[in-house]
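Could you walk me through this one in the viewer, picking one selection at a time? Let's take it slowly and look around at each stop.

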Amino acid sequence: MELYLDTANLEEIREIAGWGVLSGVTTNPTLVAKEFAARGERLTEEGLAAHLRAICEAAGGPVSAEVTALEAEAMVAEGRRLAALHPQIVVKLPTTEEGLKACRRLSTEGVRVNMTLIFSANQALLAARAGASYVSPFLGRVDDISWDGGQLLREIVEMVQVQDLPVRVIAASIRHPRHVTEAALLGADIATMPHAVFKQLLKHPLTDLGLKRFMEDWEKVKP
Ligand code: E4P
């Protein structure tokens, strides 16, 4: 399973890319808005384009950039503009009627599409039939409403395998390290997670303690 960062923050991307384990990045309008607000910068077309290009360079893999249009024609136009920014851009579309129409058109033109906000296996099936390259079921948001995000992912992964659908499954809306383990065990192709979860994946108190002890013992006898 590949590991993606779910962020629009360049420092976070550069840090995790530096570990040598980052395969891609996903963004969404909330994450982009948060990033520009944090920098006190007004969001402009040019500013967004430059920022997405910088994310692509830092990520070194696919970068999902989401459209904000809600109607198919406008989604297609926005998707084309996003895809033209950088060869690594994957256009992210919401799983709605208009999103499906736009997905069909963009994917037919050779633009890679990530269908987002997926909360059922049937939505994933529709997205795959519309030519999506990726589907993004939202585990955490399903768990948030006391349903089972793992069950959603299990059904989608199984359906993709049974039906031999040419689509990659991104486990999204990851809230904690256990979600990442679950996603890997269930056979997701990719898990996309916030920077904080990436850091949690690595941290273990016994690793820190073990290393401290090794160093102390070594200090006593080192040549
Ligand atoms: C996925 O691509 C989305 O950007 C993201 O995973 C949503 O996560 P959230 O539920 O934490 O906002």
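Which residues does L93 touch, not counting residues up to four places away in sequence? Select L93 and show its surroundings: the contacts are V67, M75, G99, A102, C103, L106, V113, N114, M115 and T116. Keep in mind as you go that this is a predicted model.

**The cores**

L93 is a good place to begin, for it belongs to the largest nonpolar core, a set of 63 residues. Add L153 and I156 to your selection; together with L93, they touch the most other members of that core. Then look for a second core, separate from the first and made of 5 residues, among them V90, Y134, I170 and I190.

**Strand 4 and its neighbour**

Now colour strand 4 (89–94), and check both of its faces. I89, V91 and L93 are buried on one side, and V90, K92 and P94 are buried on the other. Strand 4 is largely enclosed by the rest of the structure because 6 of its 6 residues are buried.

Next, bring in strand 3 (63–66). Strands 3 and 4 run parallel, and 4 bridges join them. To see one of these pairings, select S64 and V90: V90, in strand 4, is the bridge partner of S64.

**The barrel**

Step back and show every strand. What do the 8 strands form? They make a closed barrel, in the order 1-2-3-4-5-6-7-8, with parallel pairing. From one strand to the next, the twist averages 30°.

Zoom in on strand 6 (residues 134–137) and strand 7 (residues 168–171), a parallel pair with 2 bridges. Here, V135 sits opposite V169 of strand 7. Helix 6 (residues 121–129) packs on the sheet and touches strand 5 (113–118) as well as strand 6; the directions of helix 6 and strand 5 make an angle of about 165°.

Select helix 8 (residues 149–163) next. Helix 8 lies across strand 5, strand 6 and strand 7, and runs at about 170° to strand 7.

**Two loops beside helix 8**

Stay with helix 8 and visit the loops that flank it. Between helix 7 (139–144) and helix 8 is a loop that holds S146. S146 is not a glycine, yet its phi is positive, at about 60°. Is S146 buried or exposed? Its relative accessible area is 66%, so S146 is exposed.

The loop between helix 8 and strand 7 contains D164. D164 is another place to check the backbone: its phi is positive, near 55°, in a residue other than glycine. D164 counts as exposed, with a relative accessibility of 66%.

**Helix 3**

Move on to helix 3 (residues 45–59), and put a distance between its end C-alpha atoms: they are 21 Å apart. At 1.5 Å a residue, its 15 residues should span 21 Å, so the two values agree.

Which residues of helix 3 are buried? Select A49, H51, L52, I55, C56, A58 and A59. The elements covering them include helix 1 (10–18), strand 2 (24–26), helix 2 (29–38), strand 3, helix 4 (72–85) and strand 4. Just after helix 3 comes G60, with a positive phi of about 65°.

**An aromatic pair**

The structure has 2 aromatic pairs. To see one of them, select W19 and F198, which are edge-to-face, with 6.1 Å centre to centre and 75° between the planes. This pair links distant parts of the chain: W19 is in the loop between helix 1 and strand 2, whereas F198 is in helix 10 (residues 195–202), 179 residues apart. W19 counts as partly exposed because its relative accessibility is 33%, while F198, at 1%, counts as buried.

**Last stop: R175**

Finish at R175, in the loop between strand 7 and helix 9 (177–186). What is R175 in contact with, leaving aside its neighbours within four places in sequence? Show G140, R141, D144 and V197 to see these contacts. R175 and V197 are 22 residues apart in sequence, and their C-alpha atoms are 7.0 Å apart in space. R175 counts as partly exposed, with a relative accessibility of 40%.

Conventions. Residues numbered from 1 in each chain as written. Predicted model: local features only at pLDDT ≥ 70, side-chain atom pairs only at ≥ 80, totals over all residues. Heavy atoms only, no water. Core = buried A, V, L, I, M, F, W, Y, C linked by side-chain atoms within 4.5 Å. Buried < 20%, exposed > 50% of the residue type's maximum accessible area, 1.4 Å probe, protein only. Contact = heavy atoms within 4.5 Å. Pairing = 2+ DSSP bridges. Axes fitted to C-alpha atoms, helices over the stretch in contact; angles between N-to-C directions. Expected span 1.5 Å × (residues − 1). Phe/Tyr/Trp six-rings, centres within 6.5 Å; stacked < 30°, edge-to-face > 60°.
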